[in-house]
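Let's take a stroll through this model, from a small sheet to the nonpolar cores. Here it is.

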Amino acid sequence: MVSFDMKSLLTSIPVDLALTITKERLQRDQNLAELTSDSVYNILRLSEFVLNHNYFKYDGDHYKQIFGCAMGSPISPVLADLVMEEIEETAISTFPYPPKWWFRYVDDSHSCIKKDQVDNFHKHLDSINPNTQFTLELENTNGQGLPLIDTITSRRDTKIQMDVYRKPTHTDRYLDFFSCHPMCHKRSFVNTLLENNIPSTNKVVMDCSEHEASLLLESIYTVNIKPVQFHWLFLRVEEQSTEKVEYLPINMFGLRSKFDRRYWVQDALLLLNCSLYPNNYQNKSGNPGSVSPKVTDQFELFRSFGKDEQEPKLNDISKLCETGNMLDQAFLGKTGWIQFDEEGNRVAASYDIINKFQGNSSSSGEVAWVTVGSASGHRVSFQRSLWMANVRDQKEVLRVVVVEEEPMLMISKEDVSTFGECVLSYPCTKYKQYDNNSEQNEPIKCCCIGYLIDLLKWLEKDLPVLVEMYLVRDGVFGNYNATSKQWDGMIGDLLSNKADMALSTLTITSIRAKYVDFSYPFLHGETKLLTSVTPVSVSLHFGFLAPFDKVLWIVVLVTVNGIFATVWLLERLGRKRIIFAKKETRFSLATCMSYIWSNVVKLELEGNKPQSISARFTTAVFSFSTLIIITTYTAQLAATLVQLDGESPVTGINDPKFQDPPPGFTFTTVRGSTLSLFTISDDPAYKKIGRNMIPHAVKNYNEGLEKLKKG
């Protein structure tokens with residue numbers, strides 16, 4: 001057996017050879033038209049462009065690769081495999097003594113060749129192309145076999161045996177999770193180990209603290225492993241311990257004591273008595289005898305446990321146990337048979353096995369801990385065959401992160417006792433922070449409504465999943481911190497795999513699209529500009545005088561009275577020339593006043609009118625002038641009434657006030673994508689506007705509206 005390995009696979013493949021082989025394979029492919037609409041010529045042109053334009057940076061200088069395929073390019077492994085296939089087919093078909101078998105993985109091959117033809121085949125393989133040279137590794141003659149990648153093939157009598165191979169430098173260390181490798185490599189590594197080494201129904205036992213269990217489960221989500229693929233067992237003796245662990249999956253198992261804690265206290269006191277006063281103990285198979293008065297006082301104190309408000313401290317008992325050997329004690333107590341092994345572990349403790357169970361198949365089903373079995377000593381029994389079920393057939397839990405925003409998503413009920421109260425709403429979890437600097441959060445059960453809830457219900461009809469929805473802890477959509485290179489908000493939860501999907505009116509930006517995938521837009525919105533208005537103060541009693549200035553009103557009054565006097569004088573002087581003037585038709589002073597003011601207000605009155613030509617001409621000119629004044633007054637009055645609603649201090653986003661705000665003029669927007677539209681814009685004017693917004697940026701729209709109302 002012999003192994004061949006190509007030297008520097010990717011960088012040794014000539015580009016011309018790779019393109020020639022690619023062209024031949026594409027032309028021979030009869031199903032190419034079904035796979036792509038591009039022609040062979042276009043595919044080759046694109047491949048040639050990619051292969052001949054590879055650049056890299058080293059030590060501050062930029063270089064262009066002039067030979068071979070680039071390492072890290074997506075097209076390089078595909079072309080390398082085609083070239084290797086062409087070389088091995090040519091070498092095997094043209095050699096007079098071909099190998100008995102030939103297996104290849106990328107550039108590592110495993111073959112069986114006659115001993116006297118190994119060197120000849122090696123030379124023949126190198127002669128196919130001067131740029132593609134191979135190394136040779138022979139089978140070890142001392143029975144250790146031929147290593148290939150992570151396997152080793154060896155002869156066992158007349159059979160060939162394969163086993164796992166580890167190099168001498170192997171240290172059983174795998175990829176460090178906190179290394180700088182891409183997250184996709186870490187996920188692929190973990191998934192490969194799981195698929196190759198773990199059976200279909202898996203069990204994970206966590207014997208750790210609550211904090212360590214939370215970190216473990218968070219890391220499981222981070223590497224994109226679904227907890228539903230496993231049965232989880234959390235070794236904590238109290239149900240309350242599991243409530244302190246975050247991210248607990250539905251199929252989590254835990255341990256709970258069968259007895260009340262006061263019975264454990266009583267047994268501890270009896271054990272103490274047997275250790276300190278062995279004379280009061282009859283034998284190791286019977287019950288303990290009389291209890292010393294000193295211990296009896298403590299026993300009476302602990303027997304009242306549950307009645308007093310203050311819980312007794314077990315540390316007080318441990319101080320009495322400093323003498324004597326408890327490991328030798330054995331008796332029947334309130335919590336069963338009490339006996340210990342050499343390491344101090346109790347050998348026959350009894351516990352109930354509890355399981356985190358969801359009440360029904362819907363996402364609104366209440367999650368509770370139910371007893372599914374018992375454990376006593378080394379014996380474990382279940383009420384039903386839970387371990388035989390294939391947990392991969394269960395519905396997958398889809399963790400959805402949302403942010404509260406009206407009217408898309410609103411909390412209708414907060415701090416409900418059970419999710420069963422969310423009848424016409426959707427169950428969700430809100431986390432209450434203890435303080436601004438604390439990372440601890442207290443989960444609060446809530447009921448949510450809104451447009452996004454309707455979308456989520458439609459999604460549940462199409463996907464066989466159980467939805468766990470929660471509001472993001474910091475209440476933001478997602479901002480990128482260039483200093484720490486970290487995301488917060490919903491995008492931060494997506495990237496850390498705390499959530500599988502974010503459901504919100506999240507603005508699609510170029511920097512966000514580099515890190516997360518967006519669905520097709522389901523809502524298109526516009527950016528509006530809200531400004532505080534400057535009210536126009538107008539008197540309710542003299543508001544009709546607002547269109548004209550005071551001076552203009554005085555001029556109008558003086559003019560009207562002057563016309564009145566002029567018309568009366570002209571009519572009086574002209575009356576002497578009228579021979580047939582009658583007394584009842586005389587144009588008196590009162591009649592002239594009524595006539596002139598009726599012209600001002602355009603009101604037709606019955607009565608005498610001026611008879612002289614000069615008075616009539618003056619009246620006609622005055623009537624035309626008042627028509628112009630009244631028209632102007634009406635237009636000004638309408639404009640004044642419109643201004644009563646307020647006037648905007650700006651004309652639009654391109655108003656110069658936004659770039660160079662005057663004293664007292666402040667403006668802002670919501671932190672996040674809206675603010676980033678200005679701060680990262682290519683337009684210098686928009687960047688300047690963004691810098692002016694940053695000091696006054698608000699957390700949400702409601703906060704901005706309140707500031708706007710308060711001026």
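What follows covers one sheet, two cores and one threonine.

This is a predicted model, so to speak of local features pLDDT must be at least 70, side-chain atom pairs count only at pLDDT 80 or more, and totals for chains, interfaces and linings use all residues. Residues are numbered from 1 along each chain as its sequence is written, and side-chain values use heavy atoms, with hydrogens and water left out.

Start with the open sheet: three strands in the order 7-8-9, paired antiparallel. Strands here are DSSP runs of E with at least two residues, helices runs of H or I with at least four, numbered from the N terminus; two strands pair if DSSP finds at least two bridges between them. Strands 7 and 9 sit at the edges with a single partner each, so one side of each has no neighbour in the sheet. Six bridges join strand 8 to strand 9, and Arg-156 has Lys-159 as its bridge partner.

| Strand | Residues |
|---|---|
| Strand 7 | 146–148 |
| Strand 8 | 151–156 |
| Strand 9 | 159–164 |

Now the largest nonpolar core (buried Ala, Val, Leu, Ile, Met, Phe, Trp, Tyr and Cys joined through side-chain atoms within 4.5 Å): it has 26 residues, with Phe-4 and Leu-9 among those with the most contacts inside it. Helix 5 gives the largest share, seven residues. A second, separate core has 19 residues, including Tyr-426.

Finally, Thr-429 lies in strand 20 and counts as buried at 18% relative accessibility (buried means under 20% relative accessible area, with a 1.4 Å probe and protein chains only).

Key
Buried < 20%, exposed > 50% of the residue type's maximum accessible area, 1.4 Å probe, protein only.
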